[in-house]
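Work through the exercises below with the sequence and the structure open beside you. Try each task before you read its solution.

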Amino acid sequence: MIGFSPSEEQNMIVNTVKQFATDVMRKKFRDCDEAGEIPAEIIDGAWELGLVASCIPEQLGGAGWEHSALTGTLLAEELAWGDLSMAMHILAPSLAILPIVEMGTEEQKKKYLPALCGNKFTAATAAFIEPLYDFDPNEFSTTAKRNSGYTLNGQKCYVPLAAGADFILVYAGEGEERQCFIVEKGTKGLEIGEREQNMGIKALATYELNLKDCKVPAENRLGGKKGSDFNRLANLSRVALASMAVGVARASFEFSRDYAKERHAFGEPIASRQAIAFMLADMAIEVDAARLLNWEAAWKLDRNEDATREACLAKSYADNMVMLVTDYGVQVMGGHGYVRDNPVELWFRNARGFTTFTGMAIV
Amino acid sequence: MIDFEISAEDKVKVEEAHEIAQNLFRPISRYYDEHEHEDPMDLIDTMWKMRGKGFLTGLGITGALMVEELCWGDAGLYLASPGPGLGGAAVFAAGTQEQWGRFLARYGEGKPKWGAMAMTEPGCGSDTSAIQATAVRDGDYWVLNGEKIFVTMGRRALELSEGIIVVWATVDKSAGRAGMKSFVVEAGTPGMKVEKQEKKLGIKASDTVTVVFDNCRIPFNNILGKAEIKTKTEGFKGAMATFDVTRPLVAAQALGVTRAALDMLRDELTKRGIKVRYDVPRSKQTAIERDFMEMESNWRAAHLLVIRAMWQLQGGTPNALEASMAKAKAGRAATLITQRAVELMGPLGYSRKLLFEKFMRDAKINDIFEGTGQINTLVVARRLLGYSRDQLK
């Protein structure tokens, strides 16, 4: 039966996250962007909401909740509404947890998941993007060659929290296949580079990785002999990022809408002019449009159906949408949008990243 | 629950609508585009018989999905198909049960009939508060006077059948918007005359006419909603409730034409060995792939906005904001997507041998009737901002 209202449980999660985003994230996000770091208490506070490790089975220390991409998109939107850097930081452990829970071997689950069920935030991450303008996840230039174990070679970038993670899930091409490999901290041949400096998401620590003849044991291939389902992981990542784009866009829309009602020009609020009001209307329509497309893709993923087309369309639509909407956000505010006293320029910078951000979040 | 699963019952209805679109509409699509004012009698009879069996008698999500399918076949022929149309939707939205019976029962019996709605006048379109047509009470009657233009399906409703027309008129010009009421006039009522039949850019299988009212007397209880003028806007709001139904429906028409263009474009590309790769990065996409994905996602997004507005309507949730969002989005998407399809198909797109150029012409009306894209954007903006008409003109 077609429906558009989140379940009671989903509403509860959304409200909890919304509260946290309003009370905690929004209070500090500008400072974090300027300082390039996020205080541990914010991250730990988010961790205590229990959303990230919730899908880990109970016997391994998690809550054993059934995973839902749709619920994930709802909470990721709220987190990203709070702040994108923080949202990506808070959700980074999912980049390792979710693939292991869904596709890992029993041994992999036992070995890596319990450490991620603690009371405090524990970093874990995945390395997906490569530093090429024509980076193509269909043909990773990072390779995994089978010998006694696997030898990894290649370069990765935009790896969130790489310096602090005990292990990194590395995506690589293995012949014709695309597979993931668990690379533990300190593995010979794994070099974690300097922290990256980007246009936006400045509070999120991301790193370049070099893999030089980096050898991992055969049992570190995600899913063991069976391997993992790259398409599904890529799609779960697409809906995660698309929902974050919706969150960022909604933030910009709401802020510039409120501003336009306050700001007077020619004797009345600028919102009472069609030139401004129509931009705001388009922003609202586009935010809703992108969200609905993304919900449909996530819903399909929850049914375990192939949703590559839906997820790609939703991601691509959201990528365009968030750029348009955050641009309007700055435009509505004019000069006041351009200065760093106001947040719309931050959202505008963050928005530009979404076409680059692939595999940097998963729900 | 958030769910995108169409019920099994609806799936059957949608498939049935698609078969009709494919087998009955498409084969005669071009003919009635080229023979503008002819009546597709075989199709009319078939659609009327289908209606008798319950085909497309519901509104809501089911209705929107079916309308999209039929307009995938041909938007003009869909409008030309007999049924209560926008007039019926107005009666349904603003009428009493007694009126439903009196005016709508005819659409389930006898010969084919159409319904129409008359709002636009030579001097006013989007600004319905400027309507000049008058309704003056005379005992048990209303006397209508005025001229209405751009009445979709007016000729077939009033001259080819015993249909109805819903007419908007003012009962008190000094009351402004509050004096605006809608009235049902039955075919054959003396004092009502169908005049000029428009020649149009597209949807040529539908008829669009001028209807003139010259001391046209109708029973007092043909008014939709209350006769008295209460608050400043109450009467007008009642009449506007019609749009909550009709805007998503018209948006669904837009989606049908749009998807027709997309499907045909995909077929033509396939013939040339081109398959859209959804999962390649932008740096490796071809221009056609990039365009196609933009077009398809815009169509789908508009589709979901329409379904959401209908879902609200079904559940009794106010949907005026979302109905206008859906209409604004779908009208614009239809316009842009069908234009792009013509462009991408080059000489094939521009030629009347194929239907791309027709889709583009047919699509354009959807950003105009039932509120232009701009009027719907204005409605969205006012609601988002909590502004009145005076605060946001």
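**Exercise 1: a salt bridge and the domains it belongs to**

In this predicted model, Asp74(B) and Lys358(B) bring their side chains together in a salt bridge, with a distance of 2.7 Å from N to O.

Task: Work out which domains of chain B hold these two residues, and describe how those domains meet.

Solution. Begin with the domain bounds, which divide chain B into domain 1 (8–107), domain 2 (113–229) and domain 3 (235–385). Asp74(B) therefore falls in domain 1 and Lys358(B) in domain 3, because the bounds of the domain assignment include their numbers. Next, look at the distance between the two domains: taken over C-alpha atoms, their centres are separated by 20 Å. Then turn to the contact itself, in which 27 residues of domain 1 of chain B touch 31 residues of domain 3 of chain B. Together the two domains bury about 2400 Å², and 62% of this area lies on carbon and sulfur atoms. On the side of domain 1, the residues that lose the most area to domain 3 are Arg30(B), Ile61(B) and Glu68(B), which together make up 26% of what that side buries. Finally, count the charged pairs: six salt bridges are found across this interface.

**Exercise 2: two domains of chain A**

Task: Describe the interface of domain 1 and domain 2 of chain A, and say how many salt bridges cross it.

Solution. First take the domain assignment of chain A, which gives domain 1 (8–116), domain 2 (125–226) and domain 3 (230–355). The centres of domain 1 and domain 2, taken over C-alpha atoms, lie 22 Å apart. In the second step, note that 21 residues of domain 1 of chain A are in contact with 19 residues of domain 2 of chain A, and that the area buried between these domains is about 1700 Å², with 68% of it given by carbon and sulfur atoms. Within domain 1, Leu95(A), Gln108(A) and Tyr112(A) lose the most area to domain 2, together 29% of what that side buries. Last comes the count, which is one salt bridge across this interface.

**Exercise 3: where the two chains meet**

Task: How many residues does each chain give to the contact between chain B and chain A, and how many salt bridges are counted between these chains?

Solution. Start with the residues: the contact takes 42 from chain B and 51 from chain A. Continue with the area, since chain B and chain A bury about 4400 Å² between them, with 64% of that on carbon and sulfur atoms. In chain B, Ile2(B), Phe4(B) and Arg282(B) lose the most area to chain A, and together they account for 17% of what that side buries. The count between the two chains is eight salt bridges. Asp136(A) and Lys284(B) also form a salt bridge, in which the closest N and O atoms are 3.1 Å apart.

**Exercise 4: the largest pocket**

Task: Which residues lie nearest the centre of the largest pocket, and which element gives the largest share of its lining?

Solution. The largest pocket has a volume of about 1600 Å³. Its lining is made up of 50 residues, and those nearest its centre are Ser126(B), Phe243(B), Arg247(B), Gly371(B) and Ile375(B). The elements of chain B that give two or more residues to this lining are β2 (115–118), β4 (141–152), α8 (234–271), α10 (320–344), α12 (356–364) and α13 (373–385). The largest share, seven residues, comes from α8(B). Sorted by kind, the lining residues divide into 21 nonpolar, 13 polar and 16 charged. As a last step, go back to the domains of chain B: domain 2 (113–229) and domain 3 (235–385) each supply at least three residues to the lining of the largest pocket.

How values were computed. Residues are numbered from 1 along each chain as its sequence is written. Chains are lettered from A and ligands numbered from 1 in the order in which they are written. This is a predicted model: local features need pLDDT of at least 70, side-chain atom pairs count only at pLDDT 80 or more; totals for chains, interfaces and linings use all residues. Side-chain values use heavy atoms; hydrogens and water are left out. On a 1 Å grid over the protein atoms alone, a cavity is a set of points where a 1.4 Å probe fits but cannot get out, and a pocket is an open set with protein on both sides within 12 Å along at least five of seven lines; lining residues have an atom within 4 Å of a point. Grid points are joined across faces, edges and corners, and a volume is the space filled by probe spheres set on the points. Helices (H or I, at least four residues) and strands (E, at least two) are DSSP runs, numbered from the N terminus. Ala, Val, Leu, Ile, Met, Phe, Trp, Tyr, Cys and Pro count as nonpolar, Asp, Glu, Lys and Arg as charged, and the others, Gly among them, as polar. Contact means heavy atoms within 4.5 Å. Buried area is the accessible area (1.4 Å probe) that two parts lose on being put together, summed over both. A salt bridge is a side-chain nitrogen of Lys or Arg within 4 Å of a carboxyl oxygen of Asp or Glu.
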